[in-house]
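Work through the following exercises with the sequence and the model side by side. Each one sets a task and then solves it step by step.

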Amino acid sequence: MMLQKNTLRRQSGWAAQGPIRRGKQIKPYLYLVPILLFAIAFIYYPFGKTFLYSFCTVNAKGQITGFAGWENFAYLFQHRNFKIALLNTVKLTAMFVPLNLCVSLGLALLCNKKRRLSGVYETMFTLPMAVPMSAAAMIFKILFNPTVGYINYFLGIQLGWFEDRKVAMYGILILCLWMGMAFDFLLFLSALRAVPDQLLEAASLDGAGFFTKLFRIQIPMIMPTALYVICTNMVLSMMTSGPVMIITEGGPSRATTTLIYMMYTSGYQSSDYSLAACISIVTFLLTFGMTALALVFDSKRNYYE
Amino acid sequence: MTKKAKTRAADISVTITALILGCIIIFPVVYCIFGAFKTRVEFGSYPPALLPDSFANLENFKEALDKTPLLRYMLNSLIVACLGTAVRMTFSVLAAYSFAFFDFKGKKFLFLVVLATMMLPGDTLMVTNYLTVSRLNLLDTYLGMCITSFVGASQMFMLRQNFRTIPRALRDAARLDGCSDLRFLRSVVLPVSRPVLLTLCVQSFINLWNAYLWPLLVTNRDEMRTVQVGVTMLTAVGNTNYHLILAAVTLTLLPSFVMFIILRKNIVKGMTSGALVG
């Protein structure tokens, strides 16, 4: 063993001092070619092109026919559907992010201490993770159906969850929460369990109650996780489109039209590529701005005082 | 009450609360499975019952399989998810190896180029990617359905972090003994990183298996649909076939649940570690 170690050290030292042959220098790049090629072809190129499209007139085949300047954006901003879609998306995000944070953190706090049946209810809480979005959407569509669904009967109410203009967005919100919760619950749970026990015990000995420990120790300690959850959820909910597409198709009377859904309809159904590009640029900038804001806000604070 | 009895009482009440909440959370899934055994008549009756009349009623599953190519959909999903995962992991491993073991000009920059792809959400790039894929004549092909997910920046990052724990001296020594980089990668680096690799594969497979929007866009022919897209097409068959829809959804959930149960630990580990990269 000793000998092996010695030779290893000597050889590596020799290799480090040895001249690097020129032929070797191309190898690192070769390993990077595939990922870079596809990153350029399917991420950077489309991003650049989307940007370009948003300032040009584009025909139904996707060919650029002329320069439009800010006209596309001007057209978009006075578009009635766009205002609705923007409002809907922002509203959904504003409700989804804090609610999801509270619910998943609450569940994680409930499970934090290991008990005899921990495994059972933890599995129950994480089960929605195993359900793909489209399956979940189909189930909720039937479950919340006003005539055959079980929810209205169970709650004793008459509510067109996905049919009523005023309620439809909340229906979508419930579905999004159900789908998003499980993952964030797991993140919070592992973050909470990583908080050293000694800290909490010491605090208890000093007479700290549940809430003191929660707000003075646990929450500051899991802040990095919370920040991550907030940022990813903002992106996720700004991009909401699947449930809308499957359950409501943007309706009733555009009450659930989101930005990405509008992008989809204008891009595919109407082949208005420049409009679709404008929407995706606006969505991207909004999402980027929000996450940047969260990060800036975070960097101004000091958690471990 | 003694302190011990107090904590015991607290534990029991928390457990009960958690179990009730858990039941509420899994209710949609339970409802779906129960509904899959109901007949059309049962669905029409009011008040709606939660339990089906009998769990021996397998007609719905049979009819769902007859009326829709569900098995074909699942096969498509499987192919797309496997192909996508294999390519994505290969690309990530190669890139991670290069970033972890070589020093070269522009390393930092190229690393950022790959990582920055995480900042551009795929949903906003769909329109132009659709045009590209259709121009490459890849509509309605398996390759077209996963080609946009070949770049896995987060996977690459995780792998690179892991590869960096392997001493560089080991690679230098191996090279002196005439071991090529590819062979070193295959017989030392990959076996050592097996846990991470497995976790990332699972994570990526599930991502691709659950994908909805992109496969919907690039497939027009019915027999090329993935299971996630196919399931939502059932409403078009007839809006009142709730029992059939639920039976089909239950069938599609089966593989997901099997994966969830078998790989639960891996999924959890992968998600939590992947998430805390920061």
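**Exercise 1.** Find which residues B:Pro52 is in contact with, leaving aside its neighbours within four places in sequence, and describe the place of B:Pro52.

*Solution.* Start with the contacts, where two residues are in contact if their C-beta atoms, placed from the backbone, lie within 7 Å: apart from its neighbours within four places in sequence, B:Pro52 is in contact with B:Phe34, B:Phe37, B:Lys38, B:Glu42 and B:Asn57. Next, locate B:Pro52 in the loop between α2 (40-44) and α3 (59-67) of chain B, where helices (H or I, at least four residues) are DSSP runs numbered from the N terminus. Then judge its exposure on the scale that calls a residue buried with 20 or more other C-beta atoms within 10 Å of its own, exposed with 12 or fewer, and partly exposed in between; B:Pro52 is partly exposed because 19 other C-beta atoms lie within 10 Å. Finally, compare positions: B:Pro52 and B:Pro215 are 163 residues apart along the chain, and their C-alpha atoms are separated by 34 Å.

This is a predicted model, in which local features need pLDDT of at least 70 and side-chain atom pairs count only at pLDDT 80 or more, while totals for chains, interfaces and linings use all residues. Residues are numbered from 1 along each chain as its sequence is written, and chains are lettered from A and ligands numbered from 1 in the order in which they are written.

**Exercise 2.** Determine how the axes of α4 (residues 80-111) and α11 (residues 223-238) of chain A cross.

*Solution.* First take the axes, which are lines fitted to C-alpha atoms, for helices over the stretch in contact, with angles from 0 to 180 degrees between N-to-C directions: those of α4(A) and α11(A) come within 9 Å and cross at roughly 150°. Therefore α4(A) is roughly antiparallel to α11(A), a label given to angles over 145 degrees. Then list the partners: residues of α4(A) including A:Leu92, A:Phe96 and A:Asn100 meet residues of α11(A) including A:Val229, A:Ile230 and A:Asn233. Sorted by class, this contact has nine nonpolar, five polar and no charged residues, where Ala, Val, Leu, Ile, Met, Phe, Trp, Tyr, Cys and Pro count as nonpolar, Asp, Glu, Lys and Arg as charged, and the others, Gly among them, as polar.

**Exercise 3.** Establish how many residues of chain B are in contact with chain A, and which helix supplies the largest share.

*Solution.* Begin with the totals, in which 72 residues of chain B are in contact with 70 residues of chain A. The largest share of the side of chain B that touches chain A, 14 residues, comes from α1(B). By class, that side divides into 50 nonpolar, 18 polar and four charged residues.

**Exercise 4.** Are A:Ser253 and B:Asn137 buried or exposed, and what is the sign of phi in each?

*Solution.* Take A:Ser253, which lies in the loop between α12 (242-248) and α13 (259-269) of chain A, and note that its phi is positive, about 40°, although it is not a glycine. A:Ser253 is exposed, because 10 other C-beta atoms lie within 10 Å. Turn then to B:Asn137, in the loop between α6 and α7 (142-146) of chain B, whose phi is also positive, near 60°, in a residue other than glycine. B:Asn137 is exposed, with 9 other C-beta atoms within 10 Å.

Definitions and conventions. Helices (H or I, at least four residues) and strands (E, at least two) are DSSP runs, numbered from the N terminus. Angles under 35 degrees count as roughly parallel, over 145 as roughly antiparallel, 65 to 115 as roughly perpendicular and the rest as oblique.
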